[in-house]
Each structure stands twice: as structure tokens, then as C-alpha cells.
Amino acid sequence: MKASAPGKLNVTLACSSPDERGYHPLRTVFMAVGLREEVEVIPADRWSLQTTMVDSAGNEMPLPAELSALAPQENLAVRAASALLQKAGIRGAAQLRITKRVPVAGGMAGGSADAAAALVATAATFAIDQDYSDLARQLGADVPFALAGNVALGTGYGDRLQPIGQAAARHWVFASAAGQGLSTPTVFRRFDMMGQPHTPPWALPGTAAGPLEEQLASALADPDPRPLGQLMFNDLQPAALAERPALAQVIEVARDSGALGAQVSGSGPTVVALAENGEQARKIGSALESLPQVGRVVVITGPAGGARIERE
Ligand code: C5P
């Protein structure tokens, strides 16, 4: 059985200081995009993993060092599949074949998408019909959204979701960084050191929704993409820029090429830009491709559906 799950961006991301567990309460609007991870689950005697990274045209790309260094048991998709079998009381194992399209350690939740697709494919392969939403949350804060897809307001650590039904299709440009990704905990630690820069007047996590959130709901539904561009923000951006100063130029070039909004995606280092239409997205994409600090550029639309079985 094979399942797929989408990568995401955070259209808005308000972040508070860490709680007693060291985790950061978030208030974020997620949007899933049409860049999908695929996980095939084949029952086997022991756990093993085969990972292939492909570009948008389906051409194979080298696997980043952060991934090839991992033992199968450390991979989030394998952990998801084995935890689900354990929860269902099934003694078994599987080979997982992952096809990655989402940039690794890029702030697009590719690893969480692998875990979500692994849960769906494992449940189908082993005929498990138990609810696994709590398990998803335990695996990682972004896993519930990779299961759900589309557009949602995330509270808690970004793992408590309220779907936002009405959202027009948008053209997005993602520029992943040349070289290494950024580690999520490192960016959160830098955020703490910087004294929690927050973009007012957005509602902080744990507080009631402010009037700007209503504005955001209409901007998401609006066929005109400009209002959405004006409302995008990411509280983690100053921390990601402090870790990777060269990203500031990527944001600037995206804006100069006509992006309606451009910011670091999640904890970075991928930069995401909103384009007026497909043609402008390609133009922004070529401008970003010429920058030395940019690795790969992906032009994609969103929203996209959540984790699902893929039939060949
Ligand atoms: O949930 P996930 O495993 O993806 O998070 C990775 C790390 O990022 C956590 O161990 C934590 O250090 C940090 N994090 C956080 N606050 C969040 C989400 C993640 O501090 N809301």
C-alpha cells in the first residue's frame, strides 16, 4: 500500500515563550501545498527503509547527509509505522519506501508528511481501523496537519486544528537553501534568546482571536491574492535570519520580483513567496534560482488535500 501526504507552509505564525516542557505555544494558519511525499509499506520480517529524493520533474536527486546518516529506527516514518503496529497489538514489521519531494529540514514539514503517509499506508496494509490522531500528535507537532491537509488554524503547539473551509487556490514559490537545512530546535532556541519578537497586533497563542484573524479568513477566500500577501507573517523569521543571514536577500529578491508576500517558511531555511499568478510565480522562481544561497526552487499551488492512499 502506498500513501501520500503534503508539505505545508505557515501563512501566519505567532509564537509565544516556551512552556514548562520547553515547547512553544503557537497560533498559526497552515496551508498544505501540492508537493507530496509518498510512503509505500511492504510487510517484512524486520524494519528497513529505502529513501529516494526526486525533483518536481521526477528526476532522482542526491539524498541530503542529514537523511542518509539516520538509522531506520530513527526515521520518523518508521517510528510512526512501528508505533501504530504496537498500538494495534500487531507483531510485525515492514519495509518502507519513501519518495521525497519536499526539501529536507526546510521548514515545510516533509518529515511530518512522511510520518502521516506512513500512518495511513500502515493502517491500510495491516487493516488497522483504530484512531491514530493522538499518536500523530506524539510523533510531532506538524503530523496532525499533514494528515488533515487543506487550510487550518493550528493552536496548542500547532497540533490542535480547526479547519478553515474557504480558501482560493494560490501560486507559491518555495526556495530551499543551498547546503544544510536548519534544525527546528535551534531556531526555537534562538527565538528564546532574542526575547520573543512578536508581530503585533496579532493575537498571541492562548488569547482570543483578534480582528486580524477575521481579516485573514476573508483574505484566504478572496480570489484576489493581494490581501493575503499583506497579512502573511512569521514570528520565527528573525530567529531564522539570525541563524542564516543570507536568507534576507532571498526575501528581498522575491519582493523585488513582484511577490505579494515573502517570508521564511516555518523554522526555515526555505523561503516562501506568494505570486499573483502562475506566470509571475515562474518569474519569481527564476530570479531566486540565480542566487547562490538558493538550492532548489519549486513553484506549486495550494491548498492541497491531506494524507491519502495512492492507487497505482
Ligand atoms: O514537534 P517536533 O518534533 O516537530 O518539534 C521539534 C522540536 O522543535 C521540539 O523538540 C522543540 O524543541 C521544538 N518545538 C517547539 N515548539 C513547538 C514545536 C516544536 O519548541 N510548538
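Asp142 sits in the loop between helix H4 (133–139) and helix H5 (143–148). The model is predicted. Asp142 counts as partly exposed because its relative accessibility is 23%, and the buried class ends under 20%. Leaving aside residues up to four places away in sequence, Asp142 touches Lys8, Phe30, Ala109 and Ser112.

Lys8 is the residue to follow next. Lys8 belongs to strand S1, which runs over residues 2–15. Its relative accessibility is 5%, so Lys8 counts as buried. Its contacts, again not counting residues up to four places away in sequence, include Phe30, Met31, Ala32 and Val33. Gly107, Met108 and Ala109 are also among them. So are Asp142, Phe145, Phe174, Ser265 and Gly266. Phe30 and Ala109 therefore appear in the contact lists of both Lys8 and Asp142. The side chain of Lys8 also makes a polar contact with the side chain of Asn10, at 2.6 Å.

What does the record say about this pair? UniProt, in an unreviewed entry, lists Lys8 and Asp142 under "active site". They are spread over 135 residues of sequence, yet they cluster in space, with a largest C-alpha distance of 9.1 Å. Lys8 and Asp142 both take part in the lining of the largest pocket.

Now turn to the ligand. Which residues lie around the ligand? They are Gly22, Tyr23, His24, Leu26, Gly140, Ala141, Tyr157, Thr184, Pro185 and Phe188. Three of these have polar atoms to inspect. On His24, a polar side-chain atom lies 2.7 Å from an oxygen atom of the ligand. On Ala141, a backbone N or O atom lies 2.9 Å from a ligand oxygen atom. On Tyr157, a backbone N or O atom lies 3.4 Å from a nitrogen atom of the ligand. On its own, the ligand has 450 Å² of accessible area, and the protein covers 74% of that.

Last comes the wider segment. The unreviewed UniProt entry annotates residues 75–149 as "domain: GHMP kinase N-terminal". Over residues 75–149, the chain is 55% helix and 11% strand. The end C-alpha atoms of that stretch are 22 Å apart. Helix H4 (133–139), the loop with Asp142 and helix H5 (143–148) fall within the annotated range of 75–149.

Note on methods
Residues numbered from 1 in each chain as written. Predicted model: local features only at pLDDT ≥ 70, side-chain atom pairs only at ≥ 80, totals over all residues. Heavy atoms only, no water. UniProt positions renumbered as here; feature names shortened; annotations may be inferred. 1 Å grid on protein atoms, 1.4 Å probe; cavity = no way out; pocket = protein on both sides within 12 Å on 5 of 7 lines; lining within 4 Å. Helix = DSSP H or I, 4+ residues; strand = E, 2+ residues; numbered from the N terminus. Buried < 20%, exposed > 50% of the residue type's maximum accessible area, 1.4 Å probe, protein only. Contact = heavy atoms within 4.5 Å. Polar contact = N/O pair within 3.5 Å; in protein donor to acceptor, adjacent residues only side chain to side chain. Near = heavy atom within 4 Å. Areas by Shrake-Rupley, 256 points an atom, 1.4 Å probe, with all protein chains shown as cover.
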